[in-house]
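Thanks, everyone. I will take the cysteines and then some strand pairing, so please have the structure up.

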Amino acid sequence: LVNTSSNPVDLILQCTPTSLGCVGSPINYIFTVNPSPSVILSATNQTICSGAISQMVTLSSQTNNAIISWSASADPQISGLSIFSGSDTIFSETLTNTDIIPHVVDYTINIITSGTLGCPGIPQHYYVVVNPSPIVSFDTSNQVICSGSPTRQVLISTTSPNTSIHWSCNVPAGISGLTPTSGGNTIPQFS
C-alpha cells in the first residue's frame, strides 16, 4: 500500500459474518498506512568560491511530526567544515578549497515519521561545491630598476583550470612611460 498524502491514512475493512442465513455484527479491521515522508529544502545546491560563506538551508516536511537529521562529509581538500550533523538547519560555514579543482561537501539528509512505527523517507543529498581560488605565478621575480631603464617583460601563468588572467595598474604620481595600464597574461616591457 502506498500513502501519497502527508499524514497517516486509515484503510478500514468491514467484515460481516453470516451463518445459516443469520447476519452477525460487522467488525472493522484497520490498516493505518503511514506516509513516506520527504524533505523540503529552502535552497538548491550551492556553488561557492573558496573562502566564501555557504548559505544557511532550512529543512522541513509536510509530514506531521517527521524527524529530520543530516550528516556532512567533505573531500579532504575542503577545510572550514565544523558542523558535521544536525536536524532542521544546515548552517552557514566559511569553506576553503586547497586544491586547483572543485570539491564537494555532501550533506546526507534522512527523514523518518515519529511514533511506534517510524517510516523512513528516501535519503536526500544536498551539495555545496567549493570552487578553488585561482593561483597565478610570474616567470620572473619583482624587478628593481633605475629611473630611465626599461623593465623586463613578465609572463603570468596559472595551473588553475578555466582561469583567465587580467592585470591592471594605477600609475603613481611622478612615474611616466607606463603604457598600457592593463592587460592579460603578459606584462609588457616598459621604458
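I start with Cys146, which is exposed, with a relative accessible area of 57%. Bear in mind that this is a predicted model.

Is Cys146 in a disulfide or in none? It is in none. The nearest cysteine sulfur belongs to Cys169 and is 19 Å away, and a disulfide needs the two sulfur atoms within 2.5 Å. For the model, the count of disulfides is zero. Cys15 is likewise in no disulfide, with the sulfur of Cys22 as the nearest cysteine sulfur, 19 Å away. At 43% relative accessibility, Cys15 counts as partly exposed.

Now to the strands. There is an open sheet of three strands, in the order β16-β17-β20, and the pairing is antiparallel. Its edge strands are β16, residues 136-138, and β20, residues 186-187, each of which pairs on one side only. Between β16 and β17, the latter covering residues 154-158, there are three bridges. Ser137 has Ser157 in β17 as its bridge partner.

The next strand to look at is β15, residues 124-131. Which strands pair with β15, and in what sense? Strand β6, residues 46-49, pairs with it in the parallel sense over four bridges. Strand β14, residues 103-113, runs antiparallel to β15 and is joined to it by seven bridges.

Val128 in β15 is a convenient residue to find on screen. It is the bridge partner of Gln46, and it is also the bridge partner of Val105. As a reminder, strands of a sheet pair through backbone hydrogen bonds, either parallel or antiparallel.

Terms used: Residues are numbered from 1 along each chain as its sequence is written. This is a predicted model: local features need pLDDT of at least 70, side-chain atom pairs count only at pLDDT 80 or more; totals for chains, interfaces and linings use all residues. Side-chain values use heavy atoms; hydrogens and water are left out. Buried means under 20% relative accessible area, exposed over 50%, partly exposed in between (1.4 Å probe, protein chains only). Two strands pair if DSSP finds at least two bridges between them. Helices (H or I, at least four residues) and strands (E, at least two) are DSSP runs, numbered from the N terminus.
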